[in-house]
Structures are given as structure tokens and as C-alpha cells.
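Let's take a quick tour of the aromatic rings in this protein. Have a look at the sequence and the model first, then work through the notes below.

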Amino acid sequence: MKHTYLSLLLLFGVFSTVLAHEYDHLRFEDRVYSGNIRTVQILVEGKPFSNPIYTLGSQVEPLELHFDDLNGGFEAYNYTLIHCNADWTPSNLFQNQYLEGYFEDQIVTNTPSINTLQKYTHYQLMLPNANMQFKVSGNYLLYVYSNFDKYKPILTRRFMVLQTSFSVIPYLKRASKPSEIYSSHELDFDINTNGVRVFNPFEEVKVVIRQNGRSDKDVAGILPLFIRDNLLSYDYADRNVFKAGNEFRKVDLRSLRFRGDGVAKFEITETGNFVEMRVDESRASRRYLFFEDLNGRYLIQNMEGRDGRIDGDYITVKFYFAPPKGTAASSGKVFVLGSFGDWMANADTEMYFNYDSGMYEKEFYLKQGYYDYIYGYQAEGSRLVDDNWFEGSYEETENDYEIFVYHNPPTSTKYDRLVGYAKVNSLNRLGR
């Protein structure tokens, strides 16, 4: 028996090493690997502002993936699913342990664009589907690749499969620390295990809390502060505190006939559509002003069309940001951040400083729709991008918060099960 156990451990170690090398060419995050792929979204069917969470075994509300190929024509795009741990590293499950049906398949729903200057093909995939279903809960990475070659990545997208067995009770409030009370939100919560046996909650239960669907700002590794019977209490004054930020800026690109919010002027030519934005300025020293936003998301829509996903055109959009007086262009980097750029602060979202105009400028190629965004600042020599440097942070700001609870019991099949979930909005919970 001892030799058998040792053999299993060795086999497990070899499998983990092989698995890690198999995905060396991937990033386990929302990412596009090909320049011709644009406007990637994974949502709950029919809910354009939803986060990609599917309830295991549900017969309704599947997930839907959408993306455009600007090369047009029809390409063979394949996909597979990778089960992940709570920290988005590959789990140790084999595919037959977490998938029913095919382990790989082809995206067969594709539609050419209609009446657009920019020709493209729109691809759509539903999950689960007749060929591929989920067996277990947890984090999943959707991996799309080209022409049956897994080493030609096209895109990756994160989503979650939930099987509720724990209850999550959130308590969202203003920050407890006097120094943060006017700028931050504090998210306390309890977890009721509902009679599920948990031997060691400090090791078996993992919690992730998230603001506005942004996994780049996840808070993880929080341990229960109190334990009583079936209740795990997470009542901290520091580790579960988020800067509230400001309401998102917005630009309305849904019409090419009328000038939408944020648009200074637009031009339609035979070669393309062009929009210049109004000049943005820092809001860090201004009074807070409430207005409705999408909490960083974007909506694809064409006001003059029937279905923006296939008749929405692409627009070259130029952003302008006038930095505060005394801000040197060489003192750091400025980024345009939003879900349309996967919240990445990189060369694709970095603005350049135009010494002639005295402003930061950046062009994006965006599909017709309604977009939220903010400006981030990265000081010279720092790795951190500060969302609040130009935007300010006010406790009145409306934000969404989510709590994800994972359980990894000491069983023969060890993996992080997603067993609890809660979502709360600061506008409702803070009494405004």
C-alpha cells in the first residue's frame, strides 16, 4: 500500500509538471493574442452587463462568447476548456474529470458583417452546448486557437461555474479607518457552510473579493477572523478595503449620424470612420458628481442598425487628456483603462505626450457602442498603476462588489470547487 501511494504521488508530480509545460505559451487571463481579433466578450446569454458565471446543471442562462475577426472570410477556430484553481493556475484534474462530451470542438457560428466599411466576421459560441458540458464547479479558462493547432492561440477568457452549497452574507459599508472613511469601501462578510463538513477552514476555504468585475484588483488570501458552528466571519478593517474611485468616464459611439456623449467631432470617409473625443481633465481635486455608468464595461450597439454585433462599424477614436499643470510628461506613464482593453496597462493602452498640444493622446479602433473608461497613472520606477491619481476616490461612488467562495475538501479528488457567491452594490448598501 505504501509503494502504491508513493507511485501515485510520483505520477501526480509528473502530471503537474507536464501540464504546466503544455500551457507555457498561454496567459491564464483575459487576453487576445492576434491583432485581427477584436471586441471579445463572454457574458451570460441576453445579459450584456453580466459577469461570466454559469450555475452548474442549469438549463437556462448559458454563457456566450462573441468576437470579431477583422480579416473577414471564414477561419477554422477551435476551442477547449482548462479547469483552474482559485488562483487561476491549472488544476490537476484530467479533462474527463471536468468535461462531458468533446474535449475540443470548433466554433461553427459565424456571420459576415453587413453594410460596414470595416469588413469582419463575427463568431459566437455558447457554453455549455450539445458537444461540451461541465461536470464540476470552479474556475475555467476558455482557450480559442486557430486551425486545430493549440500552439496558435487566438484568445483566452476566464469564466466560472458555480454549484452553491455555502451561503454568503455581505456587509458593505464605509471604511472603518478614519483615514479612509471618505475614500474607501469596506466589504465584511459571513460564510454559512450550511452543514457541509469543513475540517480545516483555514486551508480548505478560499475567498476572493472583486470590485466592478476587475480581476486585476482581486483581493485573496483572507482567512476567517472568527469561527462559530457553521459560520465563518470575515470582519476586517484593512484587508477587505477598496478605494472607491470615481464614476467612470464615458463615450457614446452608438451613432454615426449624431454626436454622442464625449464626442467632439466625427468624420465618415470612404476609408473609415473617425472620432475625436472631447478633452478630458483630472478630476482628483474636484467635488464628487454622481452619474450612471457601466462600472467599466461596454455595450455593443448601433443606433442606426438592427444588430450591432454584425452591422456595427469600427471607428478610429482619438482620446485626449490634458494633465494638471506642473505634471511633466516624462515623470510617468498614462493609460486609458477599461474592460474594452481587458484592464491592461501596456503598450496597447498607453498614451503618448504631444508636446505641441500639451496633451496626452491615444487612438483606439473600437466597434460602435457605449464605452466606460478611466485614466491610470504609473509613476516612474513603479510597477503599480494608480487609478485614483487623476480620477480621485470618493466613498459616494457607486461600485459593484463580488465575493467568490471556494472549497477544497480533503478528498481523493482535490480541486477548488466554487461553492458560494454573492454580489452587492454600494449604492444600495450604503443607503443612498
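Phe67 and Tyr77 are both buried. Keep in mind that this is a predicted model, and that a search of the whole structure turns up 29 aromatic pairs. Here are a couple of those pairs, plus a cluster and two charges that sit over rings.

**Two edge-to-face pairs**

- Tyr23 and Phe28 make an aromatic pair, with 5.8 Å from centre to centre and 70° between the planes, which is edge-to-face.
- Tyr23 counts as buried because its relative accessibility is 12%, under the 20% cut-off.
- Phe28 has a relative accessible area of 13%, so this residue is buried too.
- Phe67 and Tyr77 pair up as well: their ring centres are 5.7 Å apart, and since the planes meet at 70°, the pair is edge-to-face.
- What does the pair of Phe67 and Tyr77 tie together? Phe67 belongs to strand β4 (residues 63-69) and Tyr77 to strand β5 (residues 77-84), so the pair links parts that are 10 residues apart in sequence.

**One aromatic cluster**

- Which residues join up in one aromatic cluster? Tyr298, Phe319, Phe321, Phe340, Phe364, Tyr371, Tyr373, Tyr375, Tyr377, Trp389 and Phe390 do.

**Charges over rings**

- Lys362 has its charged end over the ring of Phe364, 5.8 Å from the ring's centre, and Phe364 is one of the cluster members.
- Arg214 lies over the face of Trp343, and the distance to the ring centre there is 4.0 Å.

Notes: Residues are numbered from 1 along each chain as its sequence is written. This is a predicted model: local features need pLDDT of at least 70, side-chain atom pairs count only at pLDDT 80 or more; totals for chains, interfaces and linings use all residues. Side-chain values use heavy atoms; hydrogens and water are left out. Rings of Phe, Tyr and Trp (its six-membered ring) pair if their centres lie within 6.5 Å; planes under 30 degrees apart count as stacked, over 60 as edge-to-face and the rest as tilted. Buried means under 20% relative accessible area, exposed over 50%, partly exposed in between (1.4 Å probe, protein chains only). Helices (H or I, at least four residues) and strands (E, at least two) are DSSP runs, numbered from the N terminus. A charge sits over a ring if NZ of Lys or CZ of Arg is within 6 Å of the ring centre and within 35 degrees of the ring normal.
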